[in-house]
Amino acid sequence: MALDHVNIYALEEGDGWTIVDTGFDTGLTREIWGKLRSGPLGGKPIRRIIGTHHHPDHIGLAGWFMDSDGAELLMSRTAWLMARMLQLDLQERPTREALAFWRWAGMPPELLAKRAEQRPFNFADVVAPMPLGYTRLTDGQAIRFGGRNWTVAMGHGHAPCHATFWSQDDDLVIGGDQLLSSISPNLGVHPTEPEADPVGEWLASCTRMLELAEPRHFVLPGHKLPFTGLPDRLRQLIDNHHGALGRMEAALRKAPRSAVECFDILFKRRIDESVFGLALVEAVAHVNHLRFRGAIRAVGERDGAALWGA
(Lines give C-alpha, C1' and ligand atoms only; values in the text may rest on other atoms or scores of the structure.)
Protein backbone atom coordinates (compact mmCIF):
# COMPACT_ATOMS: atom_id res chain seq x y z
CA MET A 1 0.00 0.00 0.00
CA ALA A 2 1.13 3.55 -0.61
CA LEU A 3 0.51 4.31 3.07
CA ASP A 4 2.89 1.64 4.30
CA HIS A 5 2.51 1.90 8.09
CA VAL A 6 0.06 2.24 10.94
CA ASN A 7 0.81 3.72 14.34
CA ILE A 8 0.10 1.61 17.42
CA TYR A 9 0.41 2.77 21.02
CA ALA A 10 1.31 0.75 24.12
CA LEU A 11 0.31 2.11 27.54
CA GLU A 12 1.73 0.44 30.63
CA GLU A 13 -0.68 -1.00 33.18
CA GLY A 14 1.77 -2.27 35.81
CA ASP A 15 1.36 -6.01 35.23
CA GLY A 16 0.78 -5.68 31.51
CA TRP A 17 -0.10 -3.38 28.62
CA THR A 18 -3.04 -1.73 26.94
CA ILE A 19 -2.52 -1.60 23.16
CA VAL A 20 -4.33 0.89 20.94
CA ASP A 21 -4.68 -0.61 17.43
CA THR A 22 -2.60 -3.50 16.14
CA GLY A 23 -1.65 -3.46 12.44
CA PHE A 24 -2.57 -6.05 9.79
CA ASP A 25 -2.35 -9.76 10.48
CA THR A 26 0.69 -10.62 8.35
CA GLY A 27 3.86 -12.58 8.97
CA LEU A 28 5.88 -9.37 9.02
CA THR A 29 3.55 -7.69 11.52
CA ARG A 30 3.63 -10.70 13.85
CA GLU A 31 7.44 -10.70 13.62
CA ILE A 32 7.55 -7.00 14.54
CA TRP A 33 5.22 -7.63 17.49
CA GLY A 34 7.45 -10.49 18.65
CA LYS A 35 10.42 -8.13 18.79
CA LEU A 36 8.35 -5.48 20.59
CA ARG A 37 7.06 -7.95 23.16
CA SER A 38 10.49 -9.37 24.01
CA GLY A 39 12.10 -5.92 23.85
CA PRO A 40 10.49 -2.65 24.96
CA LEU A 41 7.34 -4.36 26.29
CA GLY A 42 9.47 -6.45 28.64
CA GLY A 43 7.66 -9.72 28.06
CA LYS A 44 4.60 -8.57 29.98
CA PRO A 45 1.20 -9.68 28.63
CA ILE A 46 -1.20 -7.62 26.56
CA ARG A 47 -4.16 -7.14 28.92
CA ARG A 48 -6.37 -5.00 26.74
CA ILE A 49 -6.76 -4.13 23.06
CA ILE A 50 -8.50 -0.91 22.09
CA GLY A 51 -9.64 -0.64 18.49
CA THR A 52 -10.18 2.91 17.29
CA HIS A 53 -12.21 1.65 14.30
CA HIS A 54 -12.88 -1.47 12.25
CA HIS A 55 -10.38 -1.05 9.40
CA PRO A 56 -8.04 -4.03 9.05
CA ASP A 57 -4.78 -2.13 9.55
CA HIS A 58 -6.09 -1.11 12.96
CA ILE A 59 -7.84 -4.27 14.14
CA GLY A 60 -6.00 -7.03 12.24
CA LEU A 61 -4.31 -8.69 15.21
CA ALA A 62 -6.93 -8.12 17.91
CA GLY A 63 -8.07 -11.75 17.77
CA TRP A 64 -4.46 -12.96 17.94
CA PHE A 65 -3.86 -11.08 21.18
CA MET A 66 -7.18 -12.27 22.58
CA ASP A 67 -6.17 -15.88 21.91
CA SER A 68 -2.54 -15.62 23.03
CA ASP A 69 -2.92 -13.35 26.07
CA GLY A 70 -6.60 -13.50 26.93
CA ALA A 71 -6.75 -9.78 26.16
CA GLU A 72 -10.00 -7.85 26.48
CA LEU A 73 -11.17 -6.09 23.30
CA LEU A 74 -12.73 -2.63 23.54
CA MET A 75 -14.32 -0.88 20.56
CA SER A 76 -17.60 0.67 19.51
CA ARG A 77 -20.51 -1.65 18.80
CA THR A 78 -20.69 -0.54 15.16
CA ALA A 79 -16.95 -1.09 14.66
CA TRP A 80 -17.13 -4.57 16.20
CA LEU A 81 -20.17 -5.56 14.13
CA MET A 82 -18.53 -4.26 10.94
CA ALA A 83 -15.35 -6.23 11.65
CA ARG A 84 -17.27 -9.44 12.39
CA MET A 85 -19.44 -9.05 9.29
CA LEU A 86 -16.56 -8.30 6.94
CA GLN A 87 -14.54 -11.23 8.26
CA LEU A 88 -17.31 -13.61 7.19
CA ASP A 89 -17.75 -12.02 3.74
CA LEU A 90 -15.33 -14.01 1.55
CA GLN A 91 -15.43 -13.33 -2.20
CA GLU A 92 -13.46 -15.01 -4.98
CA ARG A 93 -14.79 -12.53 -7.55
CA PRO A 94 -16.43 -9.09 -7.22
CA THR A 95 -20.15 -9.21 -6.54
CA ARG A 96 -22.76 -8.16 -9.09
CA GLU A 97 -23.51 -5.14 -6.90
CA ALA A 98 -19.85 -4.08 -6.83
CA LEU A 99 -19.51 -4.31 -10.62
CA ALA A 100 -22.69 -2.28 -11.14
CA PHE A 101 -21.49 0.33 -8.64
CA TRP A 102 -18.10 0.70 -10.32
CA ARG A 103 -19.74 1.02 -13.75
CA TRP A 104 -22.21 3.63 -12.43
CA ALA A 105 -19.29 5.61 -10.94
CA GLY A 106 -17.49 5.66 -14.30
CA MET A 107 -14.76 3.01 -14.04
CA PRO A 108 -13.32 2.62 -17.56
CA PRO A 109 -14.70 -0.49 -19.32
CA GLU A 110 -11.28 -2.11 -19.78
CA LEU A 111 -10.44 -1.74 -16.09
CA LEU A 112 -13.92 -2.95 -15.11
CA ALA A 113 -13.45 -6.10 -17.23
CA LYS A 114 -10.06 -6.70 -15.63
CA ARG A 115 -11.37 -6.24 -12.09
CA ALA A 116 -14.31 -8.55 -12.80
CA GLU A 117 -11.86 -11.47 -13.21
CA GLN A 118 -9.67 -10.66 -10.20
CA ARG A 119 -10.07 -11.81 -6.63
CA PRO A 120 -10.96 -8.68 -4.64
CA PHE A 121 -9.45 -7.71 -1.33
CA ASN A 122 -10.96 -9.75 1.47
CA PHE A 123 -10.97 -8.45 5.04
CA ALA A 124 -10.17 -11.92 6.38
CA ASP A 125 -6.94 -12.02 4.36
CA VAL A 126 -5.27 -9.67 6.84
CA VAL A 127 -7.45 -9.92 9.97
CA ALA A 128 -7.05 -12.73 12.51
CA PRO A 129 -10.30 -14.46 13.50
CA MET A 130 -12.04 -12.39 16.15
CA PRO A 131 -13.51 -14.43 19.03
CA LEU A 132 -17.01 -13.63 20.18
CA GLY A 133 -17.29 -11.05 22.91
CA TYR A 134 -16.05 -7.50 23.34
CA THR A 135 -16.49 -4.49 25.64
CA ARG A 136 -18.46 -1.64 24.10
CA LEU A 137 -17.17 1.92 23.90
CA THR A 138 -19.77 4.70 23.67
CA ASP A 139 -19.67 8.41 22.90
CA GLY A 140 -18.96 10.52 25.99
CA GLN A 141 -17.91 7.50 28.04
CA ALA A 142 -15.30 7.89 30.79
CA ILE A 143 -12.62 5.20 30.69
CA ARG A 144 -9.31 4.65 32.48
CA PHE A 145 -6.21 3.06 30.97
CA GLY A 146 -2.50 3.77 30.92
CA GLY A 147 -2.68 5.61 34.24
CA ARG A 148 -4.99 8.28 32.80
CA ASN A 149 -8.68 9.07 32.73
CA TRP A 150 -10.01 9.51 29.22
CA THR A 151 -13.23 10.68 27.58
CA VAL A 152 -14.38 8.89 24.43
CA ALA A 153 -15.53 11.02 21.48
CA MET A 154 -16.93 9.23 18.43
CA GLY A 155 -16.25 10.49 14.93
CA HIS A 156 -17.81 9.48 11.62
CA GLY A 157 -17.03 9.74 7.92
CA HIS A 158 -13.81 7.75 7.58
CA ALA A 159 -15.36 4.89 9.55
CA PRO A 160 -18.62 4.64 11.48
CA CYS A 161 -18.32 5.17 15.23
CA HIS A 162 -14.57 5.81 15.18
CA ALA A 163 -13.37 6.22 18.78
CA THR A 164 -11.00 9.00 19.80
CA PHE A 165 -9.69 9.40 23.35
CA TRP A 166 -9.15 12.69 25.17
CA SER A 167 -7.05 12.56 28.35
CA GLN A 168 -8.48 14.38 31.36
CA ASP A 169 -5.12 14.26 33.20
CA ASP A 170 -2.69 15.69 30.63
CA ASP A 171 -2.55 16.93 27.03
CA LEU A 172 -2.76 13.60 25.16
CA VAL A 173 -5.38 12.85 22.51
CA ILE A 174 -5.43 9.47 20.72
CA GLY A 175 -6.87 10.31 17.32
CA GLY A 176 -6.73 7.15 15.19
CA ASP A 177 -7.55 8.07 11.58
CA GLN A 178 -10.04 10.75 12.65
CA LEU A 179 -7.24 13.18 13.54
CA LEU A 180 -4.26 13.11 11.18
CA SER A 181 -1.47 15.64 10.82
CA SER A 182 -0.60 15.87 7.13
CA ILE A 183 -3.01 13.69 5.17
CA SER A 184 -6.78 13.48 4.97
CA PRO A 185 -8.30 10.03 5.59
CA ASN A 186 -10.25 8.35 2.83
CA LEU A 187 -13.95 9.23 2.88
CA GLY A 188 -15.55 6.55 0.76
CA VAL A 189 -18.94 5.39 -0.46
CA HIS A 190 -19.07 1.64 -1.13
CA PRO A 191 -21.50 -0.76 -2.83
CA THR A 192 -22.78 -1.83 0.59
CA GLU A 193 -24.29 1.65 1.16
CA PRO A 194 -24.31 3.57 -2.12
CA GLU A 195 -26.44 6.41 -0.75
CA ALA A 196 -24.11 7.20 2.19
CA ASP A 197 -22.80 10.72 2.87
CA PRO A 198 -19.43 10.25 4.62
CA VAL A 199 -18.28 13.75 3.61
CA GLY A 200 -21.21 15.28 5.49
CA GLU A 201 -20.55 13.03 8.49
CA TRP A 202 -16.85 13.92 8.41
CA LEU A 203 -17.48 17.66 8.29
CA ALA A 204 -19.95 17.40 11.18
CA SER A 205 -17.45 15.35 13.24
CA CYS A 206 -14.61 17.81 12.61
CA THR A 207 -16.87 20.70 13.62
CA ARG A 208 -17.89 18.91 16.79
CA MET A 209 -14.29 18.08 17.72
CA LEU A 210 -13.34 21.72 17.26
CA GLU A 211 -15.33 22.28 20.46
CA LEU A 212 -13.04 19.82 22.29
CA ALA A 213 -9.72 20.76 20.68
CA GLU A 214 -7.18 23.06 22.34
CA PRO A 215 -3.75 24.23 21.13
CA ARG A 216 -2.15 22.40 24.08
CA HIS A 217 -3.29 18.98 22.87
CA PHE A 218 -0.63 16.52 21.70
CA VAL A 219 -2.32 14.22 19.20
CA LEU A 220 -1.25 10.61 18.66
CA PRO A 221 -2.63 9.78 15.18
CA GLY A 222 -3.16 6.48 13.38
CA HIS A 223 -0.65 7.40 10.64
CA LYS A 224 2.20 9.87 10.19
CA LEU A 225 3.71 11.89 13.06
CA PRO A 226 2.17 13.10 16.33
CA PHE A 227 1.30 16.78 16.25
CA THR A 228 0.08 19.85 18.09
CA GLY A 229 -2.13 22.68 16.82
CA LEU A 230 -5.28 20.55 16.68
CA PRO A 231 -7.79 23.44 16.33
CA ASP A 232 -5.94 24.76 13.27
CA ARG A 233 -5.63 21.28 11.80
CA LEU A 234 -9.37 20.61 12.14
CA ARG A 235 -10.20 23.92 10.47
CA GLN A 236 -7.77 23.03 7.68
CA LEU A 237 -9.43 19.63 7.15
CA ILE A 238 -12.85 21.30 6.99
CA ASP A 239 -11.63 24.00 4.58
CA ASN A 240 -9.91 21.42 2.33
CA HIS A 241 -13.15 19.52 1.75
CA HIS A 242 -15.21 22.67 1.27
CA GLY A 243 -12.63 23.75 -1.31
CA ALA A 244 -12.85 20.42 -3.14
CA LEU A 245 -16.64 20.56 -3.15
CA GLY A 246 -16.56 24.09 -4.51
CA ARG A 247 -14.18 23.12 -7.33
CA MET A 248 -16.38 20.15 -8.24
CA GLU A 249 -19.54 22.22 -8.36
CA ALA A 250 -17.86 24.84 -10.54
CA ALA A 251 -16.54 22.20 -12.96
CA LEU A 252 -19.90 20.44 -13.19
CA ARG A 253 -21.55 23.76 -13.96
CA LYS A 254 -19.40 23.94 -17.11
CA ALA A 255 -19.94 20.37 -18.31
CA PRO A 256 -21.30 17.11 -16.91
CA ARG A 257 -18.92 14.47 -15.60
CA SER A 258 -19.00 11.04 -14.01
CA ALA A 259 -17.58 10.59 -10.51
CA VAL A 260 -14.38 9.08 -11.93
CA GLU A 261 -14.00 12.05 -14.29
CA CYS A 262 -13.75 14.25 -11.19
CA PHE A 263 -10.42 12.71 -10.16
CA ASP A 264 -8.44 15.63 -11.57
CA ILE A 265 -10.51 18.05 -9.48
CA LEU A 266 -10.15 16.16 -6.20
CA PHE A 267 -6.62 14.78 -6.33
CA LYS A 268 -3.26 16.40 -6.97
CA ARG A 269 -1.56 13.11 -7.81
CA ARG A 270 -2.03 10.86 -10.82
CA ILE A 271 -4.47 8.05 -10.01
CA ASP A 272 -3.08 4.68 -11.13
CA GLU A 273 -4.59 1.21 -10.70
CA SER A 274 -3.08 0.73 -7.24
CA VAL A 275 -5.19 3.53 -5.75
CA PHE A 276 -8.03 3.64 -8.27
CA GLY A 277 -10.52 1.98 -5.91
CA LEU A 278 -9.82 4.39 -3.06
CA ALA A 279 -10.09 7.36 -5.42
CA LEU A 280 -13.37 6.07 -6.88
CA VAL A 281 -15.13 5.68 -3.53
CA GLU A 282 -13.96 9.13 -2.43
CA ALA A 283 -15.13 10.74 -5.68
CA VAL A 284 -18.57 9.15 -5.23
CA ALA A 285 -18.63 10.46 -1.64
CA HIS A 286 -18.15 14.03 -2.85
CA VAL A 287 -20.76 13.56 -5.59
CA ASN A 288 -23.22 12.26 -3.00
CA HIS A 289 -22.66 15.20 -0.68
CA LEU A 290 -23.28 17.70 -3.49
CA ARG A 291 -26.37 15.72 -4.51
CA PHE A 292 -27.84 15.79 -1.02
CA ARG A 293 -27.17 19.53 -0.79
CA GLY A 294 -29.11 19.98 -4.02
CA ALA A 295 -26.07 21.48 -5.74
CA ILE A 296 -25.87 18.89 -8.55
CA ARG A 297 -28.21 16.43 -10.21
CA ALA A 298 -28.08 13.51 -12.65
CA VAL A 299 -28.20 14.76 -16.25
CA GLY A 300 -27.66 11.55 -18.21
CA GLU A 301 -25.29 8.63 -18.58
CA ARG A 302 -22.44 7.38 -20.74
CA ASP A 303 -21.55 3.67 -21.05
CA GLY A 304 -23.56 2.96 -17.93
CA ALA A 305 -21.91 5.74 -15.90
CA ALA A 306 -24.05 8.43 -14.31
CA LEU A 307 -23.25 11.97 -15.42
CA TRP A 308 -23.68 14.87 -13.00
CA GLY A 309 -24.27 18.52 -13.71
CA ALA A 310 -24.66 21.61 -11.54
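**Exercise 1. Work out whether Asp-303 is buried or exposed in this predicted model, and say what its backbone does.**

*Solution.* Start with the accessibility. Asp-303 has a relative accessible area of 66%. The cut-off for exposed is over 50%, so Asp-303 counts as exposed. Next, find its place: Asp-303 sits in the loop between β11 (297–302) and β12 (305–309). Finally, look at the backbone. Asp-303 isn't a glycine, yet its phi is positive, at about 50 degrees.

**Exercise 2. Do the same for Lys-224: where is it found, and how does it count by accessibility?**

*Solution.* Lys-224 lies in the loop between β10 (218–221) and α8. Its relative accessibility is 33%. Buried would need under 20% and exposed over 50%, so Lys-224 counts as partly exposed. Here, too, is a residue that is not a glycine but has a positive phi, this time of about 65 degrees.

**Exercise 3. Check whether the length of α10 agrees with what you'd expect for a helix, then decide how enclosed it is.**

*Solution.* Take the length to begin with. α10 has 17 residues, and at 1.5 Å a residue it should span 24 Å. If you wonder why that is 24, the rule multiplies 1.5 Å by one less than the number of residues. Now compare: the end C-alpha atoms of α10 are 24 Å apart, so expectation and model agree. Then count the buried residues. That gives 13 of the 17, so α10 is largely enclosed by the rest of the structure. Just after α10 comes Gly-294, with a positive phi of about 80 degrees.

**Exercise 4. Describe how α8 (230–254) and α10 pack: at what angle, and through which residues?**

*Solution.* What do you need to describe such a pair? Two packed helices are described by the angle between their axes and the distance between the axes. For α8 and α10, the angle is about 75 degrees and the axes are 10 Å apart. An angle from 65 to 115 degrees counts as roughly perpendicular, and therefore so does this pair. Now the residues. α8 brings His-241, Ala-244, Leu-245, Met-248 and Glu-249 to the contact, while α10 brings Glu-282, His-286, Val-287, His-289 and Leu-290. Sort them by type and you get five nonpolar, three polar and two charged.

**Exercise 5. Repeat the length check for helix α7 (residues 198–210), and find what its buried residues pack against.**

*Solution.* With 13 residues at 1.5 Å each, α7 should span 18 Å, and its end C-alpha atoms are indeed 18 Å apart. The buried residues of α7 include Trp-202, Leu-203, Cys-206 and Met-209. As for partners, the buried residues of α7 pack against β7 (148–155), β8 (162–167), α8 and α10.

**Exercise 6. How many aromatic pairs does a search of the whole structure find, and what do two of them look like?**

*Solution.* The search finds nine aromatic pairs. One of them is Trp-33 with Phe-65, edge-to-face, 4.9 Å centre to centre and with 80 degrees between the planes. This pair links distant parts of the chain: Trp-33 is in helix α1 (residues 27–38) and Phe-65 in helix α3 (residues 62–69), 32 residues apart. Both Trp-33 and Phe-65 are buried.

Another pair is Phe-263 with Phe-276, also edge-to-face, at 5.2 Å centre to centre and 70 degrees between the planes. Phe-263 belongs to helix α9 (residues 263–266) and Phe-276 to helix α10 (residues 276–292), 13 residues apart. Phe-263 counts as buried because its relative accessibility is 9%, and Phe-276 counts as buried at 8%. Lastly, Trp-33 and Phe-65 form one aromatic cluster together with Trp-64.

Note on methods: Residues are numbered from 1 along each chain as its sequence is written. This is a predicted model: local features need pLDDT of at least 70, side-chain atom pairs count only at pLDDT 80 or more; totals for chains, interfaces and linings use all residues. Side-chain values use heavy atoms; hydrogens and water are left out. Rings of Phe, Tyr and Trp (its six-membered ring) pair if their centres lie within 6.5 Å; planes under 30 degrees apart count as stacked, over 60 as edge-to-face and the rest as tilted. Helices (H or I, at least four residues) and strands (E, at least two) are DSSP runs, numbered from the N terminus. Buried means under 20% relative accessible area, exposed over 50%, partly exposed in between (1.4 Å probe, protein chains only). Contact means heavy atoms within 4.5 Å. Axes are lines fitted to C-alpha atoms, for helices over the stretch in contact, and angles run from 0 to 180 degrees between N-to-C directions. Angles under 35 degrees count as roughly parallel, over 145 as roughly antiparallel, 65 to 115 as roughly perpendicular and the rest as oblique. Ala, Val, Leu, Ile, Met, Phe, Trp, Tyr, Cys and Pro count as nonpolar, Asp, Glu, Lys and Arg as charged, and the others, Gly among them, as polar.
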